[in-house]
Amino acid sequence: ADLEAAREAKYREIRDAELDHRTGKLSAEDFGAIDRSLRAEAVEILHELDRARSAAGAAAPPATEPGE
């Protein structure tokens, strides 16, 4: 749940930076640097989510069919 919250927060930061750029609060150069950094952080969060989900799936018992 913490990683999902971090993902949503990072997406919000990206949207805020895009809005700041569109409204002229960030120059194209500043926006480019901030956007690259935020997206790299978002990718890392997504990788962490994938690893956590894989670990949780590996730890879960195998699913059985009804009636088994």
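**Figure 1. The turn after helix α1 features Gly-24.** Let's start at a single glycine: just after α1, Gly-24 takes a positive phi of about 90°. Please keep in mind throughout these views that the model is predicted.

**Figure 2. The protein chain is built from two helices and zero strands.** Here we step back to see the overall picture. The chain has 68 residues, and 18% of them count as buried. About 5100 Å² of the protein chain is exposed, with carbon and sulfur atoms supplying 55% of that area. What share of the contacts between residues at least 6 apart in sequence joins residues at least 24 apart? In this chain, that share is 62%.

**Figure 3. Helix α1 has 21 residues.** From its first C-alpha to its last, α1 reaches 30 Å, close to the 30 Å expected at 1.5 Å a residue. Its buried residues are Arg-7, Lys-10, Ile-14 and Ala-17. Seen down the axis of α1, these buried residues fall within an arc of 85°, so they line one face of the helix. A general rule helps here: an α-helix has 3.6 residues a turn, so residues three or four places apart point the same way. The face turned away from the buried side of α1 carries the exposed residues Asp-2 and Arg-22. On the buried side, the cover over these residues includes α2.

**Figure 4. Helix α2 has 32 residues.** This helix reaches 46 Å from its first C-alpha to its last, close to the 46 Å expected at 1.5 Å a residue. Which residues of α2 are buried? They are Phe-31, Gly-32, Asp-35, Leu-38, Ala-42, Ile-45 and Leu-49. The buried residues of α2 pack against α1.

**Figure 5. Six residues make up the largest nonpolar core.** Look for Ile-14, Ala-17, Leu-26, Phe-31, Leu-38 and Ala-42, the members of this core. Helices α1 and α2 each supply at least two residues of the core, and α2 gives the most, with three residues. One member to zoom in on is Ile-14. Leaving aside its neighbours within four places in sequence, Ile-14 is in contact with Asp-35, Leu-38, Arg-39 and Ala-42.

**Figure 6. Phe-31 is a buried residue of helix α2.** Is Phe-31 buried or exposed? Its relative accessibility is 16%, and because buried means under 20%, Phe-31 counts as buried. Leaving aside its neighbours within four places in sequence, Phe-31 is in contact with Ala-17, Glu-18, His-21 and Leu-26. Now follow the backbone: Phe-31 and Glu-18 are 13 residues apart along the chain, and their C-alpha atoms are separated by 7.6 Å.

**Figure 7. Lys-10 is a buried lysine in helix α1.** This helix covers residues 2-22. With a relative accessible area of 10%, Lys-10 is under the 20% cut-off, so it counts as buried. What does the side chain of Lys-10 make a polar contact with? Its partner is the side chain of Glu-13, at 3.1 Å. Leaving aside its neighbours within four places in sequence, Lys-10 is also in contact with Leu-38, Glu-41, Ala-42 and Ile-45.

**Figure 8. Glu-41 is a partly exposed residue of helix α2.** You have already met Glu-41 as one of the residues in contact with Lys-10. The relative accessible area of Glu-41 is 34%, so this residue is partly exposed: it falls between the 20% limit for buried and the 50% limit for exposed. To place Glu-41 relative to another part of the chain, find Ala-6. Glu-41 and Ala-6 are 35 residues apart along the chain, and their C-alpha atoms are separated by 9.9 Å.

Notes
Residues are numbered from 1 along each chain as its sequence is written. This is a predicted model: local features need pLDDT of at least 70, side-chain atom pairs count only at pLDDT 80 or more; totals for chains, interfaces and linings use all residues. Side-chain values use heavy atoms; hydrogens and water are left out. Helices (H or I, at least four residues) and strands (E, at least two) are DSSP runs, numbered from the N terminus. Buried means under 20% relative accessible area, exposed over 50%, partly exposed in between (1.4 Å probe, protein chains only). A polar contact is a pair of N or O atoms within 3.5 Å; within protein, one must be able to donate a hydrogen and the other to accept it, and residues adjacent in sequence count only if both atoms are side-chain atoms. Contact means heavy atoms within 4.5 Å. A nonpolar core is a set of buried Ala, Val, Leu, Ile, Met, Phe, Trp, Tyr and Cys residues joined through side-chain atoms within 4.5 Å. The expected span of a helix is 1.5 Å times one less than its number of residues. Accessible areas come from the Shrake-Rupley method with a 1.4 Å probe; for residues, only the protein chains shown count as cover. The arc is that of the directions from the helix axis to the C-beta atoms.
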